[in-house]
Amino acid sequence: MKLKIALLPGDGIGPEVAAQAVACLQAVEEAFGHQFEFTKAPVGAIAIDQTGNPLPDDTLELCKQSDAVLFGAIGDPKYDNDPESKVRPEQGLLRLRKELGLFSNIRPVKVFPTLIDKSPLRKERIENTDFVIYRELTGGIYFGEKFLSEDGNTASDLCIYSEEEISRIAHLAFKAAKGRRKKLTLVDKANVLESSRLWRRVVTRIGESYPDVELHYLFVDNAAMQMILNPSQFDVILTENMFGDILSDEGSVIGGSIGLLPSASVGESSAMFEPIHGSYPQATGKNIANPIASILSAAMLLDHFGLDEEAAAVVRSVNKALKKGMVTPDLDPKSKHGTDDVGQFIAGHISDSDDFKGLNQENIGLGKSTII
Ligand SMILES: NC(=O)C1=CN([C@@H]2O[C@H](COP(=O)(O)OP(=O)(O)OC[C@H]3O[C@@H](n4cnc5c(N)ncnc54)[C@H](O)[C@@H]3O)[C@@H](O)[C@H]2O)C=CC1
Ligand SMILES: CC(C)CC(=O)C(=O)O
Ligand SMILES: [Mg+2]
């Protein structure tokens, strides 16, 4: 298969982890005879520094012309620490998601069996964890009108959703649940928020078209607690933008590190693959960031294009690294292995043919996560 991939490494550890994802995709190219063409472009703080714009027109155009986008991370303390700054790296990412229509952010949460003891949570609580968060990505409070009074003493961010925005992601989430354990939990704050009550009405109505999927409702505060107390109760979680952002970082604790959690952001005609973590500025240039979230995002890219066996080969190789203790210090503080060691190991074992025979998403555990 020929794929044009826009490579947007971004800031901080973004370029370090994205480089390892590219190495893995190149290993897949070689092992399976595909042609992936990568074109790099700036986004975030580096783009502001170069052009004054966190999402330059050329970058956006490249993404629109590509089959997929592989995204690192954005964000830089020099902008985070300056609340007065009018241009911010995050605006680049938010605008990119909006312009590409990436309304559904799919974040699978699983525990690798070899890492079960690395979790800060008790083994018996987490061992059967396997859920996927469908996070709405182009609406809600991140995109609503912002207001700051002239005296600077009052501010607001509007959380606004339309039925159409809720319904398109709800259908994706129900379809995903149908192909999994047939349970969907809508997470909201419908006891307080009008926008959440709209979510409930729309999702309840759509649920009638999926009679084999059990629909549950949970307030977000309770959901945050349940995720830690009993994560195996969840199959598909459907939620709005900000709740999904926060709950997925929380979910990453179950598996042992946020450096493990990948995501796919999909829309009608575009798809972007990105780790759930940010630019982890404290680690920039230190070669300590975990590249696995980025590498598994590349596996989700393969999965998205129907390259099941290829995705499975990547995941199998990740498992091999974890089993051998080839991990960065977030998973083992005593480890001397760097971002590049882990990435090279994983890329280097993708073509181990004995390992990937007969694999598909179902038996490697990524789940049928990117069904549209
Ligand atoms: N998608 C994106 O590009 C995102 C960007 N950001 C931006 O990133 C910057 C830093 O934000 P933070 O709140 O510190 O979030 P962060 O996700 O960058 O880091 C939070 C903590 O998670 C851990 N961590 C993150 N990535 C890791 C990795 N690959 N390996 C090992 N440990 C890892 C580290 O302990 C780190 O201190 C900010 O500018 C923020 O706006 C934050 C979240 C998402
Ligand atoms: C940096 C934000 C725009 C987004 C975020 O935290 C995320 O998508 O996980
Ligand atoms: Mg986040």
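Trainee: How many nonpolar, polar and charged residues does the shell around ligand 2 have?

Mentor: Before counting, keep in mind that this is a predicted model. The ligand 2 shell splits into 3 nonpolar, 1 polar and 2 charged residues. By name, they are Glu90, Leu93, Leu94, Asp245, Ile276 and Gly278.

Trainee: And which helix gives the largest share of the shell around ligand 2?

Mentor: That's helix 5, which runs over residues 89–100 and supplies 3 residues of the shell.

Trainee: Okay, now ligand 1. Which residues come nearest to it?

Mentor: Gly75, Gly259, His277, Gly278 and Asn290 come nearest, out of 22 residues around ligand 1. By class, that shell holds 10 nonpolar, 8 polar and 4 charged residues. Gly278 is listed around ligand 2 and also around ligand 1.

Trainee: Let's zoom out. Which domains does the assignment give for the protein chain?

Mentor: Domain 1 is made of two segments, 1–103 and 266–372, while domain 2 covers 120–255. Where they meet, domain 1 puts in 12 residues and domain 2 puts in 17 residues. The side of domain 1 that touches domain 2 has 6 nonpolar, 3 polar and 3 charged residues. As for spacing, the domain centres, taken over C-alpha atoms, sit 24 Å apart.

Trainee: What does the UniProt record say about residues 4–346?

Mentor: An unreviewed UniProt entry annotates them as "domain: Isopropylmalate dehydrogenase-like". In the model, that stretch is 43% helix and 18% strand, with its end C-alpha atoms 23 Å apart.

Trainee: Which residues does the "binding site" annotation cover?

Mentor: Arg97, Arg107, Arg135 and Asp221, again according to an unreviewed UniProt entry. They spread over 125 residues of sequence, and in space they reach up to 26.7 Å between C-alpha atoms.

Trainee: Take two of those. Why does Arg97 count as buried or exposed?

Mentor: You count C-beta neighbours: 20 or more within 10 Å makes a residue buried, and 12 or fewer makes it exposed. Arg97 is buried because 23 other C-beta atoms lie within 10 Å. Arg97 sits in helix 5 and touches Leu102, Leu137, Thr138 and Ser265, leaving out residues up to four places away in sequence. Asp221, by contrast, counts as exposed because it has 11 C-beta neighbours inside 10 Å. Its place is in helix 9, residues 220–229.

Trainee: How do I read a helix, say helix 11? How many of its residues are buried?

Mentor: The general idea first: an α-helix has 3.6 residues a turn, so residues three or four places apart point the same way. Helix 11 covers residues 292–304, and its 18 Å from first C-alpha to last is close to the 18 Å expected at 1.5 Å a residue. On burial, 13 of its 13 residues are buried. Just after helix 11 comes Gly306, with a positive phi of about 80°.

Trainee: What do Ala293 and Ser297 touch?

Mentor: Both are in helix 11, Ala293 as well as Ser297. Setting aside neighbours within four places in sequence, Ala293 is in contact with Gly259, Leu260, Leu261, Pro262, Pro275, Ile276 and His277. Gly259 and His277 are also among the residues that come nearest to ligand 1. With residues up to four places away left out, Ser297 touches Ala21, Pro262, Ser263, Phe273, Glu274 and Pro275. Ala293 is buried because 23 other C-beta atoms lie within 10 Å, and Ser297 is buried because it has 25 C-beta neighbours inside 10 Å.

Trainee: Last topic, backbone angles. What is the phi of Lys182 and of Tyr280?

Mentor: As background, most residues other than glycine have a negative phi. Lys182 has a positive phi of about 65° although it is not a glycine. Tyr280, also not a glycine, has a positive phi near 35°.

Trainee: Where is each one found, and is it buried, partly exposed or exposed?

Mentor: Lys182 lies in the loop between helix 7 (163–178) and strand 8 (183–188). Lys182 counts as partly exposed because 14 other C-beta atoms lie within 10 Å. Tyr280 is in the loop between strand 12 (271–273) and helix 11. Tyr280 counts as buried because it has 23 C-beta neighbours inside 10 Å.

Definitions and conventions:
Residues numbered from 1 in each chain as written. Chains lettered and ligands numbered in written order. Predicted model: local features only at pLDDT ≥ 70, side-chain atom pairs only at ≥ 80, totals over all residues. Near = placed C-beta within 6 Å. Helix = DSSP H or I, 4+ residues; strand = E, 2+ residues; numbered from the N terminus. Nonpolar A, V, L, I, M, F, W, Y, C, P; charged D, E, K, R; others polar. UniProt positions renumbered as here; feature names shortened; annotations may be inferred. Expected span 1.5 Å × (residues − 1). Domains from an automatic or database assignment. Contact = placed C-beta atoms within 7 Å.
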